[in-house]
Amino acid sequence: MKICRFDQNRLGKIEGDRVLDVSAALEVLPDFRWPVPPGDALIRHLDLVIARIEEIAAAAPSRPVSEIDLASPVANPGKIIGAPVNYQEHLDEAIADSGISFGADVPPIAKIGLFLKACSALVGPAEGVTIRFPNRRTDHELELAVIIGKAGTGIAYDEALDHVAGYSIGLDMTVRGTEDRGLRKSVDSYAVLGPWLVTRDEIDDPGNLDLSLHVNDELRQHSNTSNMIFDVRRLIEYASAFYTLHPGDIIMTGTPEGVAPVRRGDIMTCRIKGIGEMKVAVHGGS
Ligand code: MN
């Protein structure tokens, strides 16, 4: 199932080029009292919500997807995890760009580990990216985003996909510079998630998905998730060796080669096979 959040926190089920308004399914969520449990309540109760969606979808009103404003399908992630240099050819361009050397045999992600992006950076495709520092370079990084569904810590490689709720397209936008990644990738609107969440059952193999990013009409990034150095299972195993993963946590799995700057007025068109397409506008800056 493809599930979206749209307009003023409406819940949608995508069917082809239409969206069914299934917001009534949100009534299965429990009432909240402070403090709420960690993670995103919708993702935590996704099985209940999907069961209710299936009951009401046939009678739900529908609209063309082209008429709605798509928000991030996860509203309240506990953390956004990033995987640095997780594609060999992106590693090669990063080395060529900066002269950084990682040594011969060890994949650099195993040396650098993971990083965190501030949850306040998260937006959906309709909001777009707003450049904060027009005199500095802001780059696009197209990434497969994994949404955690079941909490876990110390998760084994072979069981990792049991902890996945689904997948989305992610943009790990980045200000270039010398500061720590966690700062440069946490600017407001520099984490884009969309266009919807595709439940895990619809993606046979997250390790074999074509992905591409155009800026306006120019193809900038084109690869396949089979080129990841740490695959999705390994990323979950590795992350959960350090911290508990909660429902709604987002893992941005790293970007392939072709990272390049964006400017105000650009439209990024992002596609991942089995998920779909999202268009994201660039605002602000110069
Ligand atoms: Mn990235």
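Let's start with strand β11. Both of its faces are covered. Leu142, Leu144, Val146 and Ile148 are buried on one side. Glu143, Ala145 and Ile147 are buried on the other. In regular strands, side chains alternate between the two faces of the sheet. One note before I go on: this is a predicted model.

So where does β11 sit? The strand covers residues 142-148, and 7 of its 7 residues are buried. It pairs with two strands that I want to show you. With β12, residues 164-172, the pairing is antiparallel over 7 bridges. There, Ile148 has Val164 as its bridge partner. With β17, residues 250-252, the pairing is again antiparallel, over 3 bridges. Ile147 stands opposite Ile250 in that strand.

Now the metal. Which residues coordinate the manganese ion? Glu141 and Glu143 do, through OE atoms, and Asp172 does through OD. The distances run from 2.0 to 2.1 Å. Along the chain, the donors follow the spacing E-x1-E-x28-D. Both glutamates, Glu141 and Glu143, are buried.

Stay with Asp172. This residue also forms a salt bridge with Lys185, with the closest N and O atoms 2.8 Å apart. The two are 13 residues apart: Asp172 is in strand β12, and Lys185 is in the loop between α5 and β14. Are these partners buried or exposed? Lys185 counts as buried because its relative accessibility is 4%, below the 20% cut-off. Asp172 is buried too, at 1%. Salt bridges with shared partners join Lys117, Glu141, Asp172 and Lys185 into one network.

Compare another pair, Arg132 and Asp188. Their closest N and O atoms are 2.9 Å apart. This salt bridge links distant parts of the chain, 56 residues apart. Arg132 is partly exposed, at 46%. Asp188 is partly exposed as well, at 41%.

A third pair lies within helix α6. Arg234 and Glu237 meet in a salt bridge at 3.0 Å, N to O. They are 3 residues apart, so about one helical turn separates them. Arg234 is partly exposed at 28%, and Glu237 at 25%. The salt bridge count comes to 16.

Last, the nonpolar interior. The largest core has 54 residues. Leu171, Ile236, Met268 and Ile275 touch the most other members. Helix α6, residues 232-242, gives the largest share, 5 residues. Ile236 brings us back to β11: among its contacts are Val146 and Ile148. Ile236 also touches Val164 and Ile251. A second, separate core has 28 residues, including Val22 and Ile43.

Note on methods:
Residues are numbered from 1 along each chain as its sequence is written. This is a predicted model: local features need pLDDT of at least 70, side-chain atom pairs count only at pLDDT 80 or more; totals for chains, interfaces and linings use all residues. Side-chain values use heavy atoms; hydrogens and water are left out. Buried means under 20% relative accessible area, exposed over 50%, partly exposed in between (1.4 Å probe, protein chains only). Helices (H or I, at least four residues) and strands (E, at least two) are DSSP runs, numbered from the N terminus. Two strands pair if DSSP finds at least two bridges between them. Donors are N, O and S atoms within 2.8 Å of the metal (3.2 Å for Na, K and Ca); water is not among the atoms, so sites may look incomplete. A nonpolar core is a set of buried Ala, Val, Leu, Ile, Met, Phe, Trp, Tyr and Cys residues joined through side-chain atoms within 4.5 Å. Contact means heavy atoms within 4.5 Å. A salt bridge is a side-chain nitrogen of Lys or Arg within 4 Å of a carboxyl oxygen of Asp or Glu. Lists of a residue's contacts leave out its neighbours within four places in sequence.
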